[in-house]
Amino acid sequence: MHKEEHEVSVLGTPHSAILPRSTVINIQSETSVPDHIVWSLFNTIFLNWCCLGFIAFAYSVKSRDRKMVGDVTGAQAYASTAKCLNISALIVGILMTIGFILLLVYGSVAIYHIMLQIIQEKQRY
């Protein structure tokens with residue numbers, strides 16, 4: 001063997017023919033599942049019309065419990081339900097609050113007009 005042939009056989013195949021090899025490492029990161037517990041607590045305290053905020057809070061706690069156990073699928077299901085209930089509680093709460101304020105304003109204006117008529121009628125006599 002010549003010296004050149006020996007060097008090629010020791011080094012292996014030429015560098016251009018070597019395919020790059022890659023190694024894939026799967027690292028399981030903790031999947032962040034939002035449990036919406038703060039939002040549920042806010043809705044429970046301030047916008048709890050029809051108890052939707054309280055029910056959303058219960059589902060948020062269930063979601064947090066499932067996340068602590070490691071059941072990501074269950075945690076996502078409970079979190080999704082809590083999110084829908086929170087949205088419903090927020091919309092119903094805002095509408096009911098606006099309706100209550102309007103009822104209060106129109107009711108007090110109506111009472112004012114009724115009292116004004118009663119006073120005017122008493123002054124006539």
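Buried here means under 20% relative accessible area, and exposed means over 50%, with partly exposed in between. That cut-off is worth keeping in mind while moving through this structure, which is a predicted model.

**The whole chain**

Begin with the entire chain in a cartoon representation, where the secondary structure comes to four helices and zero strands, so that, read along the sequence, the pattern is α-α-α-α. If you then colour the 125 residues by relative accessibility, 17% of them count as buried. A surface representation adds to this view: the accessible surface of the chain comes to about 10500 Å², and carbon and sulfur atoms account for 66% of that area. Turning to the contacts in the chain with a separation of 6 or more, 66% of them are between residues 24 or more positions apart.

**The two sides of α2**

Next, select helix α2, residues 37-46, and show the side chains of I37, S40, N43 and T44, which are the buried residues of this helix. These residues lie on the same side of α2, because they cover an arc of only 125° around the axis. An α-helix has 3.6 residues a turn, so residues three or four places apart point the same way. Rotating to the face of α2 turned away from its buried side, you will find the exposed residues V38, I45 and F46.

What do the buried residues of α2 pack against? Add α3 (52-69) and α4 (72-124) to the selection, since these are the two helices against which the buried residues of α2 pack.

**Where α2 meets α4**

Keep α2 and α4 in view and look at how they are arranged: their axes come within 10 Å and cross at roughly 35°, and the crossing is left-handed. To see the contact itself, select W39, S40 and N43 on the α2 side, together with K83, N86, I87, A89 and L90 on the α4 side. Coloured by class, this contact of α2 with α4 shows four nonpolar, three polar and one charged residues.

**S40, inside the helix**

From that contact, centre the view on S40, which lies in helix α2 and counts as buried because its relative accessibility is 0%. Setting aside residues up to four places away in sequence, S40 touches G53, A56, F57, S60 and N86. A distance label from S40 to A82, drawn C-alpha to C-alpha, should read 7.6 Å, although the two are 42 residues apart in sequence.

**D35 and H36, in the loop before α2**

Now step back along the chain to D35, which lies in the loop between α1 (3-11) and α2. Is D35 buried or exposed? D35 counts as buried, because its relative accessibility is 8%. With residues up to four places away in sequence again left out, D35 touches S60, S63, R64, K67, A79 and A82. Both S60 and A82 may be familiar from the previous stop, where S60 was listed among the residues that S40 touches and A82 was the partner in the distance from S40.

The loop between α1 and α2 also holds H36, whose backbone deserves a look, as phi of H36 is near 55°, a positive value in a residue other than glycine. Most residues other than glycine have a negative phi.

**C51, in the loop after α2**

For a second backbone of this kind, select C51, found in the loop between α2 and α3, where phi is near 60°, again a positive value in a residue other than glycine. C51 is partly exposed, with a relative accessible area of 42%.

**T81, on α4**

Finish at T81, whose place is in helix α4 and which is partly exposed, with a relative accessible area of 31%. Measuring C-alpha to C-alpha from T81 to S63 should return 9.3 Å, for a pair that is 18 residues apart in sequence. S63 has already appeared on this tour, as one of the residues that D35 touches.

Terms used: Residues are numbered from 1 along each chain as its sequence is written. This is a predicted model: local features need pLDDT of at least 70, side-chain atom pairs count only at pLDDT 80 or more; totals for chains, interfaces and linings use all residues. Side-chain values use heavy atoms; hydrogens and water are left out. Buried means under 20% relative accessible area, exposed over 50%, partly exposed in between (1.4 Å probe, protein chains only). The arc is that of the directions from the helix axis to the C-beta atoms. Contact means heavy atoms within 4.5 Å. Axes are lines fitted to C-alpha atoms, for helices over the stretch in contact, and angles run from 0 to 180 degrees between N-to-C directions. A crossing is left-handed if the near helix is turned anticlockwise from the far one by less than a right angle, and right-handed if clockwise. Ala, Val, Leu, Ile, Met, Phe, Trp, Tyr, Cys and Pro count as nonpolar, Asp, Glu, Lys and Arg as charged, and the others, Gly among them, as polar. Accessible areas come from the Shrake-Rupley method with a 1.4 Å probe; for residues, only the protein chains shown count as cover.
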